Amino acid sequence: MITKVIKFDINKNLYNTLIAKQGDTKSRFLLFNLLDGSIPFSLENRSVRVYAVKPDRTEVFNDLIITDAAKGYCILELTTQMLAVAGTVKLELMVIEEDKKLTSNIFYMDVKESINSEKAVVSTNEFGALLTALQDVDNWNKEFTEKSGKLEELYTPRLNELGEQLDTKAEQSEVNKRLSFRNFEP
């Protein structure tokens, strides 16, 4: 619904405090244009996450959605948990590529208090990025299990056949040894 565009140099401070409203849900988004100086910061083959600490010291760790990797555009949804507590939220962005991590300077968001208390949201930790990673691991494990079952089905008969051939060769070798030993006796 409401998307604020923010040009954000990853090497500098963001001096403007962002403003949001407590209790808003699925309606506030920040579109970051990440820059390195005046050059767009490429997000190709990278992921972007936000780490935030709310005024009550609970934490948020979520993924951003990359919308244009070449130009450095990514969207942060201000989730219900990010806006659960009025006050100043401290945030930093993390750009991740394989085992490398680059974090931005800390920036701030002022969550304005809402007078509407129709549904009070309880502030808790939110770790969306970790849940996504755990789901990826679970999916990989299911895929691996499925593929290993197919490999077992494919190769077990062949391995049994080779085992039988080895047993036969071993028996023949033993027979040949005994025959040659008997022929050797004086």
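In the predicted model, Y155 has a relative accessibility of 46% and therefore counts as partly exposed, since exposure requires over 50% and burial under 20%. Y155 is placed in helix α1, which spans residues 128-184. Together with L154, L159 and L162, Y155 makes a nonpolar patch of about 410 Å² on the surface.

Charged side chains were examined next. Over the whole structure, the search returned 4 salt bridges. Among them is the pair formed by E97 and R46, whose side chains meet with an N to O distance of 3.0 Å. E97 belongs to strand β9 (residues 87-97), whereas R46 sits in the loop that runs between β4 (39-40) and β5 (47-53); the pair therefore ties together parts of the chain 51 residues apart in sequence. E97 is partly exposed, because its relative accessibility of 22% is not under the 20% that defines a buried residue. R46 is also classed as partly exposed, at a relative accessible area of 27%.

A further salt bridge links D63 to R49, with 2.7 Å between the closest N and O atoms. This pair joins two strands: D63 lies in β6 (residues 59-63) and R49 in β5, so parts that are 14 residues apart in sequence are tied together. The relative accessible area of D63 is 29%, which places D63 in the partly exposed class.

The salt bridge between K112 and D110 has its closest N and O atoms 2.7 Å apart. The two side chains are also joined by a polar contact of 2.7 Å. With a relative accessible area of 37%, K112 is partly exposed. D110 is found in strand β11, which covers residues 107-112.

The surroundings of D110 include residues from elsewhere in the sequence. When residues up to four places away in sequence are not counted, D110 touches T17, L18, I19, A20 and G87. For one of these residues, G87, the C-alpha atom is separated from that of D110 by 5.6 Å, although the two residues are 23 apart along the chain. G87 falls within the range given for strand β9 (residues 87-97), the strand in which E97 lies.

Key. Residues numbered from 1 in each chain as written. Predicted model: local features only at pLDDT ≥ 70, side-chain atom pairs only at ≥ 80, totals over all residues. Heavy atoms only, no water. Helix = DSSP H or I, 4+ residues; strand = E, 2+ residues; numbered from the N terminus. Buried < 20%, exposed > 50% of the residue type's maximum accessible area, 1.4 Å probe, protein only. Patch = residues over 30% accessible without salt bridge, like charges linked within 9 Å, V, L, I, M, F, W, Y side chains within 5 Å. Areas by Shrake-Rupley, 256 points an atom, 1.4 Å probe, with all protein chains shown as cover. Contact = heavy atoms within 4.5 Å. Polar contact = N/O pair within 3.5 Å; in protein donor to acceptor, adjacent residues only side chain to side chain.
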